[in-house]
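Okay, everybody's here, so let's get going. I'll put the model up on the screen, and then we'll walk through how the chain is put together.

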Amino acid sequence: MVRSVRRPLTLLAAVAVLSACAVSTTGGSTASGGGMMGGSGAATAQTGGGMMGSRGYPTSSCSVPTTLATPVVTVLASDMGMMARSDATAPLGARMTLTASPTTVGSGQVTLVLQNQGWRVHELVVLPLAAGQAIGSRASGADGKVDETASLGEASNDCADGSGDGVASGSAGWVTLTLAPGRYELVCNLQNHYADGMRVELDVNA
Ligand SMILES: [Cu+2]
């Protein structure tokens, strides 16, 4: 008797759990799809004049030239935010990242394209890494920036090549450099951005 009662209960519980899962999965994908940004939310936001894309970050307002020298390393800048900011201001502890793809290229000419998928202004500066030096190990100065006197070049011009005042949210910037074999640290050196996580290694093979 006990078993015959328990079994249907167990089944019911399983069904309930599955239902709950189904519901929470649906809810989860809606939330991770952007909550206020993804799916239908994006359509609403865009109707409202926002810049938010279907994946929860600003859509690019910049067309990167297709004639740039190859290989092209795409560097994505991301940060946590809800709306585009025209400045780079970030507190220490803000969550910001740089990712690169690919992370290894051959020596010689390489184009770095910074796609700013964050909400703040970002930039890309190429710094050499000494043998054994780990990325993220540079000390930030009182201005919240690392020493970039050894910079080999930067993509910090909004929707343009080379050096400028930073790449706006949703936009891009690029630079073509000739890099010798070695390890490099791609960083965003706006105030506190490096310390907040905006660095990624690029390896250049012989
Ligand atoms: Cu940055």
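So, contacts along the chain: if you take those with a separation of 6 or more, 70% of them are between residues 24 or more positions apart. Keep in mind while you look that this is a predicted model.

On burial, the chain has 206 residues, and 32% of them count as buried.

Now the parts list. We've got two helices and nine strands. Reading from the N terminus, the order is α-α-β-β-β-β-β-β-β-β-β, so to speak, helices and then strands.

Let's do the open sheet. What is the order of its four strands? It goes S2-S1-S4-S7, and the pairing is mixed. Look at the edges: strand S2, residues 96-101, and strand S7, residues 172-179, each have a single partner strand, so one side of each has no neighbour in the sheet. From one strand to the next, the twist averages 20 degrees.

Stay with S7 for a second, and look at how S4 meets it. S4 covers residues 108-116, and eight bridges join S4 to S7, with the two running antiparallel. If you want a spot to click on, Gln115 sits opposite Ala172 in S7.

Next up, the strands around S5 and S8. S5 is residues 124-129 and S8 is residues 182-187, and they pair in the antiparallel sense over five bridges. Two pairs to find here: Leu127 is opposite Glu185 in S8, and Val126 is opposite Leu186 in S8.

A reminder for anyone picturing the side chains: in a regular strand they alternate between the two faces of the sheet.

Back to Val126, since it has another partner to show you. In S6, its bridge partner is Gly153. So which way do S5 and S6 run, parallel or antiparallel? Antiparallel, with three bridges joining S5 to S6, and S6 is residues 153-155. That puts Val126 across from Leu186 in S8 and paired with Gly153 in S6.

And then S8 goes on to S9. S9 is residues 199-205, and six bridges join S8 to S9, again as an antiparallel pair. The position to look at there is Arg183, which stands opposite Asp203 in S9.

If you're following on your own laptop, try tracing it strand by strand: S6 to S5 by three bridges, S5 to S8 by five, and S8 to S9 by six. Okay, that's my bit, over to you.

Key: Residues numbered from 1 in each chain as written. Predicted model: local features only at pLDDT ≥ 70, side-chain atom pairs only at ≥ 80, totals over all residues. Pairing = 2+ DSSP bridges. Axes fitted to C-alpha atoms, helices over the stretch in contact; angles between N-to-C directions. Buried ≥ 20, exposed ≤ 12 C-beta atoms within 10 Å, placed from the backbone. Contact = placed C-beta atoms within 7 Å.
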